[in-house]
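Q: Could you take me on a close look at one helix and at the enclosed space beside that part of the chain? I'd like the cut-offs spelled out as you go.

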Amino acid sequence: MNTAPLYIGYFKSLIESQVLQQHILECLSNSPDISSLEDLYPKFPVAEKEFSSDWDFIQNKIYQGYVAIQYGHQSILCILVNAASSNGRNVTNPEVEFTVEGPKEAFVESLDINLNLIRKRVPSPDLRIKEYTVGSLGKSRVAICYLEGLTNKQYVQTFTQRIEDVQFDQITDSSLLQQMIEDNSNSIFPQSIGTERPDYVAWALSSGQICAMKDGSPSAFFAPVNLWQFFITYEDYYLPWIIASLLRLIRMCSVLFSVFASSFYVAVMTYHGQSISNVFLPTIVSSRINVPFPPIVEVIIMELVIELLREAGARLPTKIGQTIGIVGGIVLGTAAVEAALTSNFLLIIVALSALASFTTPIFRMSATIRILRFPFIIAAQIWGLLGIFICTIALVAHLLRLTSLGMPYLVPFYPFRTSDLYDTVIRPPYSKFHHRLSFLRTLNPTRFDKKNANAKRDIDD
């Protein structure tokens with residue numbers, strides 16, 4: 001007979017009531033002669049269960065959906081049985097990184113489901129997953145994934161150390177954690193890539209990078225990365241290499257146009273009017289003849305209008321946001337030209353510049369490109385083309401000092417590595433992917449045997 005009562009502790013909103021009734025309470029009711037927790041432990045038909053006498057650990061487990069069972073009020077030893085509720089969003093299509101080619105699965109808010117999506121794509125015994133508890137108040141579960149024997153140990157040590165050193169009360173999303181562990185948190189350039197696609201994470205792991213995911217967040221992020229990876233979408237690897245390379249070139253040229261177009265307009269119209277071709281001069285003069293503002297005011301007004309439309313479309317519901325973006329752009333653009341607040345020529349430049357910034361596949365880098373335009377515009381107003389040159393030098397100097405987990409941000413162009421140029425601007429055919437990128441310093445730099453890469457064999461009947 002029981003010599004002491006059993007105490008059961010749990011949060012009703014965090015557990016599965018069916019598991020509590022069928023696997024825990026029923027087991028207890030069928031075991032009236034239990035005299036210790038050691039006798040009770042093997043009777044629970046649940047895989048995830050453990051002993052603990054650490055009150056902080058027990059408390060954290062209860063917050064995660066575990067049921068704590070204590071034998072008598074004098075003992076602090078508890079059995080922790082996992083009865084966490086599995087209610088949540090099902091795996092759906094990616095919403096931000098939608099693709100025509102490739103898998104249509106995206107991460108969800110459950111860390112266990114996300115890890116399952118990773119394991120399904122990387123069925124390797126070398127896959128290592130380490131879990132940590134981050135946050136003094138929220139006690140968030142964070143998982144770090146990498147491939148043992150492939151990923152550089154120094155990167156793994158740096159990454160895990162920064163996760164362990166995070167000092168914050170509540171981590172609500174992986175994007176917060178992403179900012180906290182980056183090398184330079186004062187830079188507008190992101191030093192890790194966030195994604196909602198498990199296939200992209202699987203490719204990053206096989207390349208020798210490290211991934212981190214947080215429970216409750218539908219995205220993951222990986223590092224180290226360089227600048228050029230922010231202009232690569234994983235859909236490039238599903239398309240023929242010639243088409244994918246052309247799309248990469250379009251994205252990179254679009255970024256340059258988005259950053260420099262408005263500032264060049266200000267510089268030329270303010271200081272370098274003589275450089276305008278005679279072919280375009282009558283058109284530009286006629287479009288600005290009734291505009292009362294100088295070019296800098298004209299450009300700032302249009303850039304702010306574009307940003308207002310972009311923010312309004314992003315914050316409103318989907319259908320209303322699309323309507324605001326289309327109708328607002330047409331109405332405001334037409335009204336601004338008819339009211340002589342801006343010229344037709346500048347309206348085209350600003351619209352193309354905004355469209356060009358949308359080609360950047362990573363949202364954080366897209367936001368960076370949007371912000372970069374304004375210092376270039378101001379520098380062009382002060383010093384003309386010389387100001388654009390000075391601003392470019394300052395930008396390059398900042399990028400030269402930037403690192404990601406200690407890896408140079410501009411690699412393979414600085415430091416220059418010829419062998420790593422094959423998957424930057426151009427996406428080569430897969431027969432050229434026989435070695436991994438050397439700047440990741442992987443322990444196994446070879447993907448496959450180069451000699452057999454182009455060997456295509458026909459089997460006779």
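A: Happy to: here is a walk from helix H7 to the cavities. This is a predicted model, in which local features need pLDDT of at least 70 and side-chain atom pairs count only at pLDDT 80 or more, while totals for chains, interfaces and linings use all residues. Residues are numbered from 1 along each chain as its sequence is written, and side-chain values use heavy atoms, with hydrogens and water left out.

Let's start with the helix. Helices (H or I, at least four residues) and strands (E, at least two) are DSSP runs, numbered from the N terminus. H7 spans residues 198-207 and is mostly covered, with nine of its 10 residues buried (under 20% relative accessible area, using a 1.4 Å probe and protein chains only; exposed is over 50%, and partly exposed lies in between). The buried ones are Pro198, Asp199, Tyr200, Val201, Ala202, Trp203, Ala204, Leu205 and Ser207. Their cover includes helix H4 (111-121) along with strands S5 (127-134), S6 (140-147), S7 (193-195), S8 (210-214) and S9 (220-223), where contact means heavy atoms within 4.5 Å. After H7 comes Gly208, which has a positive phi, near 105°.

Now for the enclosed space. On a 1 Å grid over the protein atoms alone, a cavity is a set of points where a 1.4 Å probe fits but cannot get out, and lining residues have an atom within 4 Å of a point. Grid points are joined across faces, edges and corners, and a volume is the space filled by probe spheres set on the points. Searching the whole structure turns up two cavities of 30 Å³ or more.

The largest cavity holds about 200 Å³, and H7 gives the most to its lining, with four residues. In total 20 residues line this cavity, and Trp203, Gln229, Tyr237, Asp423 and Leu437 lie nearest its centre. Trp203 thus appears twice in this picture, because it is buried (under 20%) and is also among the residues nearest the cavity centre. By class, the lining has 12 nonpolar, five polar and three charged residues; Ala, Val, Leu, Ile, Met, Phe, Trp, Tyr, Cys and Pro count as nonpolar, Asp, Glu, Lys and Arg as charged, and the others, Gly among them, as polar.

The second largest cavity has a volume of about 40 Å³. Its lining includes Phe159, Arg162, Ile181 and Ala223, and divides into four nonpolar, three polar and three charged residues.

Notes:
1 Å grid on protein atoms, 1.4 Å probe; cavity = no way out; pocket = protein on both sides within 12 Å on 5 of 7 lines; lining within 4 Å.
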